[in-house]
Amino acid sequence: VNTLEQLQTEHAPWLARNFPEQTAHQALLGAMEELGELAHAHLKAEQGIRGDDKLHMAEKIDAIGDIVIYLASYCTTNGISLEEAVWTTWEKVRRRNWQRNPLTGQIS
Ligand SMILES: [Mg+2]
């Protein structure tokens, strides 16, 4: 099973080799740039320009992959476990029920 921990572990030496001077926020900027590319793919698909649905879907998938990789990069540079961050937060989010309680999401 490939995990986010494995991704971060494999990415760390790649980062050290390629961007040894990465500052705390550079990967954040990269992730935001990729979010822009994801938005770009949605917009152009909706407008029916700059390629067909197949191309836009491929661009969306590529952007999503890049976003997660940039987040792994950000976590490494800032001493955060991506795996832990995701699961810790998911444990909170999974308990919310916005259908039952549209105001707070709390179920009890
Ligand atoms: Mg990209």
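**Figure 1. Arg50 sits in the loop between α2 and α3.** Welcome to the first close-up of this predicted model. The phi angle of Arg50 is near 60°, a positive value in a residue other than glycine. For context, most residues other than glycine have a negative phi. Arg50 has a relative accessible area of 63%, so this loop residue counts as exposed.

**Figure 2. A magnesium ion is coordinated by Glu34 and Glu37.** Here we step into helix α2, where the two glutamates lie three residues apart; they are therefore separated by about one helical turn. Glu34 is listed with two OE contacts and Glu37 with one, at 2.2 to 2.6 Å from the ion. How exposed or buried is Glu34? With 7% relative accessibility, Glu34 counts as buried, whereas Glu37 is partly exposed at a relative accessible area of 35%.

**Figure 3. Glu33, Glu37, Glu59 and Asp62 form a negative surface patch.** Two elements each give two or more residues to the negative patch: α2 (26-47) and α3 (53-77). Glu37 may look familiar, since this residue also coordinates the magnesium ion. Glu59 belongs to helix α3. The relative accessible area of Glu59 is 30%, so Glu59 is partly exposed.

**Figure 4. Leu28, Leu29, Met32 and Leu35 make a nonpolar surface patch.** The patch covers about 380 Å². One of its members, Leu29, is found in helix α2. Helix α2 is also home to Glu34 and Glu37.

**Figure 5. Glu91 and Arg94 are joined by a salt bridge.** How many salt bridges does a search of the whole structure find? The search turns up one. In the pair shown here, the closest N and O atoms of Glu91 and Arg94 are 3.0 Å apart. As a reminder, side chains of opposite charge can pair when their charged atoms come close. Glu91 has a relative accessibility of 33% and so counts as partly exposed. Arg94 is partly exposed as well, at 48% relative accessibility.

**Figure 6. Ala63 of helix α3 is viewed together with Leu38.** Is Ala63 buried or exposed? Its relative accessible area is 1%, so Ala63 is buried. In sequence, Ala63 and Leu38 are 25 residues apart, yet their C-alpha atoms are 5.5 Å apart in space.

**Figure 7. Lys60 is placed in helix α3.** Lys60 has 16% relative accessibility; because buried means under 20%, this lysine counts as buried. Where does Gln99 lie relative to Lys60? The two are 39 residues apart in sequence, and 29 Å separates them in space, C-alpha to C-alpha.

**Figure 8. Pro13 has its place in helix α1 (residues 4-18).** At 42% relative accessibility, Pro13 counts as partly exposed. For a sense of distance, try looking from Pro13 to Lys54: these residues are 41 residues apart in sequence, and their C-alpha atoms are 34 Å apart in space.

How values were computed. Residues are numbered from 1 along each chain as its sequence is written. This is a predicted model: local features need pLDDT of at least 70, side-chain atom pairs count only at pLDDT 80 or more; totals for chains, interfaces and linings use all residues. Side-chain values use heavy atoms; hydrogens and water are left out. Patches are made of residues with over 30% relative accessible area and no salt bridge: like charges are joined within 9 Å, nonpolar side chains (Val, Leu, Ile, Met, Phe, Trp, Tyr) within 5 Å. Accessible areas come from the Shrake-Rupley method with a 1.4 Å probe; for residues, only the protein chains shown count as cover. A salt bridge is a side-chain nitrogen of Lys or Arg within 4 Å of a carboxyl oxygen of Asp or Glu. Lys and Arg count as positive and Asp and Glu as negative; His and the chain ends are not counted. The place of a charge is taken as NZ of Lys, CZ of Arg, CG of Asp or CD of Glu. Helices (H or I, at least four residues) and strands (E, at least two) are DSSP runs, numbered from the N terminus. Buried means under 20% relative accessible area, exposed over 50%, partly exposed in between (1.4 Å probe, protein chains only). Donors are N, O and S atoms within 2.8 Å of the metal (3.2 Å for Na, K and Ca); water is not among the atoms, so sites may look incomplete.
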